[in-house]
2 protein chains.
Amino acid sequence: MASPRPGPNLSKIATSLGVSVATVSNALSGKGRVSGQLVERIREHAAELGYVPSQAGRALRTGRSGVLGLVLPDIANPLFPKIAQAIEFAASAAGYGVLIADSRGDVATQTEAINRLIERGVDGMVVIPRRATRISSAACPVAVIDTPSTPGNTVAADHWQGGQAIAEHLAGLGHRRILIIGNNQESNVQNDRAGGIRSGMRPDMHSETLWIERLEQNIGSGCPLGLAEKVRQGFTAFAALSDLQALRALTELQQAGITVPADVSVTGFDDLIWSPVVTPSLTTVRMDMDRIAGIAVSALVDTIRRNSIREGMLVTAETERVAMQLIVRQSSGPANPAPKTSEMENM
Amino acid sequence: MASPRPGPNLSKIATSLGVSVATVSNALSGKGRVSGQLVERIREHAAELGYVPSQAGRALRTGRSGVLGLVLPDIANPLFPKIAQAIEFAASAAGYGVLIADSRGDVATQTEAINRLIERGVDGMVVIPRRATRISSAACPVAVIDTPSTPGNTVAADHWQGGQAIAEHLAGLGHRRILIIGNNQESNVQNDRAGGIRSGMRPDMHSETLWIERLEQNIGSGCPLGLAEKVRQGFTAFAALSDLQALRALTELQQAGITVPADVSVTGFDDLIWSPVVTPSLTTVRMDMDRIAGIAVSALVDTIRRNSIREGMLVTAETERVAMQLIVRQSSGPANPAPKTSEMENM
DNA sequence: GCGTTTTGATTAATCGTTTAATCAGGCTTA
DNA sequence: TAAGCCTGATTAAACGATTAATCAAAACGC
């Protein structure tokens, strides 16, 4: 009862033109030895018949599926749309399809998701690892997008440099006491960003770091971060390690009656979808996801093309780190030596 | 130079056990006539050899790829992570893989993206259409997730009922003047939500609708929505048609010195990632994406299994609309008869 | 003009799976 | 006991593409 795939196949074209299938295949792929005119005649006829090569037939013969897997263990990541879009675009340009695999944020099922992809015969995988998990090399080439400081990383944004850009921006605005707000201390990405901020500060500057997840473990999920208190302690800038945390900080400050950027400044990372539309719009740092995806995919494709034997390996690229770009918007401004709540403190 | 796919295949198992490939295939699929003990022996041996069936071989023979396509023309949609996750989960449970296609928000290239999927031999597609675009039936079964009021829709959240839930919630809190904030008037989803809100209002209530995109076309992208003025006009509740617009409203109000929910209430839609963590956390309406995806995928898979002939058609499901769930958080509260800015007006 | 290379095409095998058709026995039944 | 049926397996033919091997004829060199 197998549905006979609609549309023409090689042999239909071949018999229709009175040549052999091999010739048709060669003419279309440009590989064998076929005379110029015949090539043209075949191509023309194939086009007008609307010939679409069967991926299945090709895959079976060549052992290549023409499909890449995309593994995002932390799919709730708000960056996901951008990442998926960029990877799909790069893969598509290289003639590959993209199969997604999700492990519902569960690190334990990450392996399971990867196996699903392997079973589907992907030729390679792009993995954006969750937190500090290491990718045990699978049965196919793997490109890892994490941070330049992670061993085995293929390509990533230069989170460290992004952090430095934030620090320099805030320093230039006169801020001297900066509160870094991160989510999880075990994230390579967040650690690099925090490290970059600290390293970009001037000698007379001071920073503290607030890890939300640790705080929530003690106080409870969705608890206030106590930023008004921090303002009273003299912090004039809040550098979040993601726009999500920046948003959380911004709204908490606003609710406490603290005005951004007049009283204090808030910055984020990633230029997520809401960054331009909140009031005040968020100063943030954007990563060039298109470039990163392009590098990862082409490194992957190169490895696939090179290796006739299908083996697991972490691929490498020439460019390992891609610069991040500072986007200055309204949420950062000159440091205010005497913010509002300080006055309130004096009342 | 085709890489000889690693791992065992049917014939390896067959020769190793001294039986024919057909018997092995039958034993593993449970289809033909094989004695119980032999079935067990074969299964056991296959498992210990770590046999993984070749999708390519199977696809070639059956004409089925075991892959579904997911088309999200509006990939910037912040719901994308949830949707992709839910579809992938449902598809995976049904034994299907998910191939993504993106048209970079461009309606014109939507057809191109769909064609890429067809060329890759997907057995069916799930399409979340952008705005009011209609899906011309492709060369395979298509499930559409939009709104129940859209012709050709397979399954969707009951946006209308979600809107009613919001309206009733606000009515119960004493709000009588509601500003509905949407992005685009041509979106079926947003229209249904707005309609639901209006239909859920009590006779003594009044609403106006603000379409952001139209406003921005006149004033410019990222412009203020002028909500403080609306507060002065007596609106006490701002019902956004998406959490993104709710966030925009919330921060603009906060920046204007209006306190939420003490002065006015703000509600959203979709329960996006930031909704629980902003201050005040957002009252919103959540759609059961898992259920919607499950219905869409199983309708699709049923159609695929039924139709031996591969033809294009919009699939239908028994359940067409899935109820939305109101999530009450901090951003909505009792109506304040004399909000702050009214007082300011008197000064 | 004869041996040799080049050109342009064909033949046939192969990838791994599914499945219709076939077949050899053992069992039933009249 | 012979004809027929069920059971448990095998055989072989696809599916559609790629590609190594082959081959005939033409072009070429000396």
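**How two protein chains meet each other and two DNA strands**

In this predicted model, a base nitrogen of DNA strand C sits 3.2 Å from a polar backbone atom of Gly57(B), a polar contact (a pair of N or O atoms within 3.5 Å; within protein, one must be able to donate a hydrogen and the other to accept it, and residues adjacent in sequence count only if both atoms are side-chain atoms). Helix 2 and helix 4 of chain A, along with helix 2 and helix 4 of chain B, are the elements that give two or more residues to the surface near DNA strand C. Helices here are DSSP runs of H or I with at least four residues, strands are runs of E with at least two, and both are numbered from the N terminus. Helix 4 of chain B gives the most to this surface, with four residues.

A few words on bookkeeping: residues are numbered from 1 along each chain as its sequence is written, and chains are lettered from A and ligands numbered from 1 in the order in which they are written. Because the model is predicted, local features need pLDDT of at least 70 and side-chain atom pairs count only at pLDDT 80 or more, while totals for chains, interfaces and linings use all residues; side-chain values use heavy atoms, with hydrogens and water left out.

Back to DNA strand C. There are 25 residues around this strand, and Thr23(A), Ser35(A), Leu10(B), Tyr51(B) and Arg61(B) come nearest. A residue counts as near when one of its heavy atoms lies within 4 Å of the strand. Of the atoms of DNA strand C that come within 4 Å of the protein, sugar and phosphate make up 62%. The side chain of Arg61(A) has an N or O atom 3.2 Å from a base oxygen of the strand, and the side chain of Lys31(B) has one 3.5 Å from a phosphate oxygen. Sorted by class, the surface near DNA strand C has ten nonpolar, nine polar and six charged residues. In this sorting, Ala, Val, Leu, Ile, Met, Phe, Trp, Tyr, Cys and Pro are nonpolar, Asp, Glu, Lys and Arg are charged, and the others, Gly among them, are polar.

Now for DNA strand D. This strand has 26 residues around it, with Leu10(A), Tyr51(A), Arg61(A), Thr23(B) and Ser35(B) coming nearest. Sugar and phosphate account for 59% of its atoms that come within 4 Å of the protein. Both backbone and side-chain atoms of the protein turn up in the contacts with this strand. A backbone N or O atom of Ser35(B) is 2.3 Å from a phosphate oxygen, while the side chain of Arg58(A) places an N or O atom 2.9 Å from a phosphate oxygen. Arg33(B) goes for a base instead: an N or O atom in its side chain lies 2.9 Å from a base oxygen. Helix 4 of chain A gives the most to the surface near DNA strand D, with five residues. That surface holds eleven nonpolar, nine polar and six charged residues.

The two protein chains also meet each other. Their contact (heavy atoms within 4.5 Å) takes 62 residues from chain B and 62 residues from chain A. The area buried between them is about 5300 Å², with carbon and sulfur atoms giving 60%; buried area is the accessible area (1.4 Å probe) that two parts lose on being put together, summed over both. On the chain B side, Ile100(B), Arg104(B) and Arg120(B) lose the most area to chain A, together 13% of what that side buries. Two salt bridges are counted between the chains, each being a side-chain nitrogen of Lys or Arg within 4 Å of a carboxyl oxygen of Asp or Glu. Glu88(B) forms one with Arg116(A), where the closest N and O atoms are 3.0 Å apart. The interface also has 19 residue pairs in polar contact, both at pLDDT 80 or more. Among the elements giving two or more residues to the chain B side are helix 5 (80-93), strand 2 (97-101) and helix 6 (110-119) of chain B. Helix 5 of chain B gives the most, with eight residues. This side divides into 31 nonpolar, 19 polar and twelve charged residues.
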